[in-house]
Amino acid sequence: MGLQAYLILAATVFCIGLFGVVTRRNTIGILLGIELMLNAVNINLVAFSHFNATATGMIFTLFTICITVSEAAIGLALVILLFRVRRTVMADHLDILKG
Amino acid sequence: MTLTDLAFWVLSVMLVGSALAVVLSKNLFHAVLWLALALTGTAGIFLLLNAEFLAAVQLLLYAGGIITIVVFAIVVTERLVGERLSQTNRGVVSGALVASALLVVIVNTLMQRELPSTPLPQLNDITRLMGEQVLTTFVLPFELLALLMLVAMLGAIYFARPED
């Protein structure tokens, strides 16, 4: 398969993830969408790296994966904290900043 | 059609299908399980791209680590198990519109470009090269990453500490 096929696959997964981020009500669901989007970006990086025969893109992917894990850990800790304070994880119920 | 092409198509269908299931599934717990399948499919794509090490990291960190954390978070926060709560907000139509418009734009741009259809001659041991470059050229980002992981873990523990 050519590079194009991989890039189109990644674009599809990215857009599905974007759809999840903007339509989910549950904060955890939004985080799942973000994970999908980050995965799509990783596919892009690895595909470019493979087709140009360099290791740079793969190293970047390694860093991205580690940053994603940190992001998920912090994000879910925030969700648990949020639940403790507001007793809900629905993003549209979290309107205490509304004037 | 070679075996690689076949594997690519099977993995693509699996990846796109499970990604759709992640965002459309009514039950959040099922969505997480579908996400695990999507992440495993991504690991398969990495294998096709000769990135064996990344495929292993993907399976260990994502499919192992993140899924476990998310399941814990759902178990802790889901009071309303079995209750039919709407999982999507009112922006489903506009969200679908925005996402598909973005997809059309990206695919359109990709179609207009001349992209290589065959990879350049491969380096014989990409994992070894990665290891060497991480500890020489990219040693500063690597150390910063270690610091970031430490800060993230401390932050997560601080946020989720028991109330006093």
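Let's start at one residue: B:A19 counts as buried because it has 30 C-beta neighbours inside 10 Å, and the bar for being buried is 20 or more. Keep in mind that this is a predicted model. You'll find B:A19 in helix α1 of chain B, which covers residues 3-24. Now look at what surrounds it. Leaving aside residues up to four places away in sequence, B:A19 touches A:V13, A:I16, A:G17, A:L36 and B:A38. So the list of partners for B:A19 includes residues of chain A as well as B:A38 of chain B. There's also B:L35, which sits 16 residues away from B:A19 in sequence and 6.7 Å away in space, going from C-alpha to C-alpha.

That spot is a good way into the contact between the two chains. Chain A puts 60 residues into it, and chain B puts in 74. On the chain A side, three helices each supply at least two residues: α1 (3-23), α2 (27-51) and α3 (56-86). The largest share there comes from α3(A), with 20 residues. Sort the chain A side by class and you get 41 nonpolar residues, 15 polar ones and four charged ones.

Let's stay with chain A for a bit. Chain A has three helices and zero strands, so reading from the N terminus, its elements simply go α-α-α. Is the chain rolled up like a ball or drawn out? A compact globule of 99 residues would have a radius of gyration near 13 Å, while chain A comes in at 17 Å. If you lay the C-alpha trace of chain A along its principal axes, it spans about 50 × 25 × 20 Å. As for burial, 54% of the 99 residues of chain A count as buried. And if you take the contacts in chain A between residues at least 6 apart in sequence, 46% of them join residues at least 24 apart.

One residue in chain A deserves a closer look. A:A53 is in the loop between α2 and α3 of chain A. Its phi is near 55°, a positive value, and A:A53 is not a glycine. As background, most residues other than glycine have a negative phi. A:A53 is partly exposed, because 13 other C-beta atoms lie within 10 Å of its own.

Now hop over to chain B, where there is a residue to set beside that one. B:N50 lies in the loop between α2 and α3 of chain B. B:N50 has a positive phi too, about 65°, although it isn't a glycine. With 19 other C-beta atoms within 10 Å, B:N50 is partly exposed.

What about the helices on either side of that loop? In chain B, helix α2 takes in residues 28-48 and helix α3 takes in residues 52-77; their axes come within 8 Å and cross at roughly 175°. That makes α2(B) and α3(B) roughly antiparallel to each other, because an angle over 145 degrees counts that way. Plenty of residues meet along the pair. From α2(B), they include B:F29, B:V32, B:L39 and B:F46, and the residues they meet in α3(B) include B:L54, B:L59, B:Y62 and B:I74. By class, this contact has 18 nonpolar residues, three polar and one charged.

Finally, step back and take in chain B as a whole. It has six helices and zero strands, running α-α-α-α-α-α from the N terminus on. Chain B is divided into domain 1, residues 3-115, and domain 2, residues 124-164. How far apart are the C-alpha centres of these two domains? They lie 24 Å from each other.

For the overall dimensions, chain B has a radius of gyration of 20 Å, where a compact globule of 164 residues would have one near 15 Å. Along the principal axes, its C-alpha atoms fill a box of roughly 55 × 40 × 30 Å. Buried residues, B:A19 being one of them, make up 24% of the 164 residues in chain B. Lastly, look at the contacts in chain B with a separation of 6 or more: residues 24 or more positions apart account for 50% of those.

Notes:
Residues numbered from 1 in each chain as written. Chains lettered and ligands numbered in written order. Predicted model: local features only at pLDDT ≥ 70, side-chain atom pairs only at ≥ 80, totals over all residues. Domains from an automatic or database assignment. Axes fitted to C-alpha atoms, helices over the stretch in contact; angles between N-to-C directions. Helix = DSSP H or I, 4+ residues; strand = E, 2+ residues; numbered from the N terminus. Parallel < 35°, antiparallel > 145°, perpendicular 65-115°, else oblique. Contact = placed C-beta atoms within 7 Å. Nonpolar A, V, L, I, M, F, W, Y, C, P; charged D, E, K, R; others polar. Rg over C-alpha atoms; globule rule 2.2 N^0.38 Å. Buried ≥ 20, exposed ≤ 12 C-beta atoms within 10 Å, placed from the backbone.
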